[in-house]
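Please look over the model shown here before reading on. The points after it are meant for someone meeting this structure for the first time.

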2 protein chains.
Amino acid sequence: MKHGHLSTKELADFIRERATIEEAYSRSMTKLAKSASNYTQLGTFAPVWDVFKTSTEKLASCHLDLVRRLQELIKEVHKYGDEQIKAYKKTKEEVSGTLEAVQNIQSITQALQKSKENYNAKCLEQERLKKEGATPREIDKATVKSKKATDTYKLYVEKYAAVKSDFEQKMTETAQKFQDIEETHLLHMKEIIESFSNTIKDIHLQIGEVHEEFINNMTNTTVESLIQKFAESKGTGKERPDTSINMNPRGSTISGCFIV
Amino acid sequence: MKHGHLSTKELADFIRERATIEEAYSRSMTKLAKSASNYTQLGTFAPVWDVFKTSTEKLASCHLDLVRRLQELIKEVHKYGDEQIKAYKKTKEEVSGTLEAVQNIQSITQALQKSKENYNAKCLEQERLKKEGATPREIDKATVKSKKATDTYKLYVEKYAAVKSDFEQKMTETAQKFQDIEETHLLHMKEIIESFSNTIKDIHLQIGEVHEEFINNMTNTTVESLIQKFAESKGTGKERPDTSINMNPRGSTISGCFIV
């Protein structure tokens with residue numbers, strides 16, 4: 001059970017480390033977007049930097065969104081971890097009877113072993129006396145001892161059967177309880193991981209859209225449109241400037257001076 | 001033209017900065033994969049860390065692949081930048097005749113203006129003498145001067161027309177050449193950017209596959225399989241252990257001692 005709580009803690013650590021990585025990446029992307037906007041605003045290529053800047057800012061934003069969603073998930077994992085501790089404490093109390101049953105079967109097993117050895121010894125003693133032709137009095141005495149040892153052994157065998165049954169029942173219940181706890185724990189962990197991978201998947205789709213948009217924007221940024229924009233920004237017109245010379249001298253009305 | 005080369009340099013800078021970001025991200029992912037493999041190997045959740053580790057390592061690898069491909073692209077951009085410098089030098093030599101034409105039209109325009117002013121002055125002088133009733137000798141002298149000024153002016157008008165034609169032709173050619181250079185430059189830049197976005201797109205698809213694989217692996221890592229693995233690792237069997245007691249005392253064959 002304690003490993004269960006440790007793995008919850010470790011899963012939170014893992015997600016936190018991932019969030020930290022995504023945050024650093026997002027910050028770097030924001031910096032890169034700034035670089036793009038600091039590049040030269042002169043020349044025909046200048047408007048392309050806006051396309052790069054917008055796309056890079058959006059990438060930064062996607063990864064920051066991921067950070068926020070991972071932080072929400074970490075909170076959920078912590079909440080689950082707290083519930084887990086409480087549930088484990090409760091279970092520990094519930095299974096205290098099983099510990100008692102374990103101690104009972106340990107002591108009854110020792111007593112049973114001891115009575116078995118005593119029974120064996122008494123039986124062998126009785127047999128030895130018969131073989132060696134001992135007095136009937138001696139044999140009767142050994143028979144009484146053997147009978148007593150047999151009764152004691154019998155008693156412990158019965159006691160052992162009862163304790164064993166209790167032990168088995170409690171152990172089965174506890175094992176089932178522990179298995180249920182593990183199953184619930186693993187199901188919960190799998191839910192958290194599903195939430196984690198859904199988040200990653202969502203953001204991955206968003207990033208894909210940013211890429212598509214960038215590709216479309218670049219397709220729309222044609223060479224012609226860039227040259228057009230540049231010409232407009234420089235104020236160079238589309239018509240050839242008028243460079244004809246007026247051959248009439250200003251203010252002169254003398255016919256003799258006209259050059260035709 | 002110089003802005004063209006600057007934008008090539010800046011595009012290389014932009015891609016390099018992006019590659020640096022991806023490299024840092026890849027390194028962090030490798031570190032995260034190591035964290036996953038350092039988490040507890042005890043408990044039922046342990047095998048899940050392998051799934052995380054594998055997936056995180058693959059993510060790191062995708063981003064490192066991106067770094068490599070961006071570095072290749074930077075080399076291409078630099079190569080293009082070098083070619084650009086050579087091409088620009090060649091063009092500068094080619095358009096040197098245009099600079100001469102510009103200087104010619106500037107000096108002929110000045111000379112034309114001067115001759116026009118002289119012509120105006122001489123015509124007005126001739127008119128003034130006529131009005132004031134000057135001597136025929138004086139008027140003849142002024143007429144000769146006026147005639148000479150008219151001829152000079154006429155000459156410069158013709159010269160101007162010739163120089164203007166040359167200037168216009170050379171300027172048109174040069175403007176076309178510059179426009180061609182800009183168009184070729186922008187086309188080349190767009191090709192580089194296309195290569196850049198194709199690379200990003202490829203890696204994005206690869207990352208998507210890593211996510212899908214992670215989701216599939218998590219689906220296959222069922223709660224049952226985790227509990228099964230844990231039970232196997234702990235050596236706990238599936239059968240209940242045999243705890244029956246043999247009531248026959250070892251070695252004893254005495255009928256009286258048998259407990260049925």
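The numbered points take up the contact between the chains and then the enclosed space.

1. The model is a predicted one, and residue pairs that are described through their side chains are counted only at pLDDT 80 or more.

2. The contact between the two chains draws on 86 residues from chain A and 86 residues from chain B. Together the chains bury about 7,500 Å², with 70% of that area on carbon and sulfur atoms.

3. Two salt bridges are found across the interface of chain B and chain A. A:E212 forms a salt bridge with B:K201, where the closest N and O atoms are 3.6 Å apart. The interface also holds 17 residue pairs in polar contact.

4. On the side of chain B that touches chain A, two or more residues come from each of α1, α2, α3 (96–131), α4 and α5 (223–234) of chain B. The largest share, 31 residues, is supplied by α4(B). By class, this side of chain B has 42 nonpolar, 26 polar and 18 charged residues.

5. Turning to enclosed space, there are five cavities of 30 Å³ or more, and the largest cavity holds about 250 Å³. Its lining has 22 residues, and those nearest the centre are A:H63, A:H204, A:I207, B:H63 and B:I207.

6. The lining of the largest cavity takes at least two residues from each of α1 (2–38), α2 (46–94) and α4 (136–220) of chain A, and likewise from α1 (2–38), α2 (46–94) and α4 (136–220) of chain B. Twelve residues of this lining are nonpolar, six are polar and four are charged.

Note on methods
Residues are numbered from 1 along each chain as its sequence is written. Chains are lettered from A and ligands numbered from 1 in the order in which they are written. Side-chain values use heavy atoms; hydrogens and water are left out. On a 1 Å grid over the protein atoms alone, a cavity is a set of points where a 1.4 Å probe fits but cannot get out, and a pocket is an open set with protein on both sides within 12 Å along at least five of seven lines; lining residues have an atom within 4 Å of a point. Grid points are joined across faces, edges and corners, and a volume is the space filled by probe spheres set on the points. Helices (H or I, at least four residues) and strands (E, at least two) are DSSP runs, numbered from the N terminus. Ala, Val, Leu, Ile, Met, Phe, Trp, Tyr, Cys and Pro count as nonpolar, Asp, Glu, Lys and Arg as charged, and the others, Gly among them, as polar. Contact means heavy atoms within 4.5 Å. Buried area is the accessible area (1.4 Å probe) that two parts lose on being put together, summed over both. A salt bridge is a side-chain nitrogen of Lys or Arg within 4 Å of a carboxyl oxygen of Asp or Glu. A polar contact is a pair of N or O atoms within 3.5 Å; within protein, one must be able to donate a hydrogen and the other to accept it, and residues adjacent in sequence count only if both atoms are side-chain atoms.
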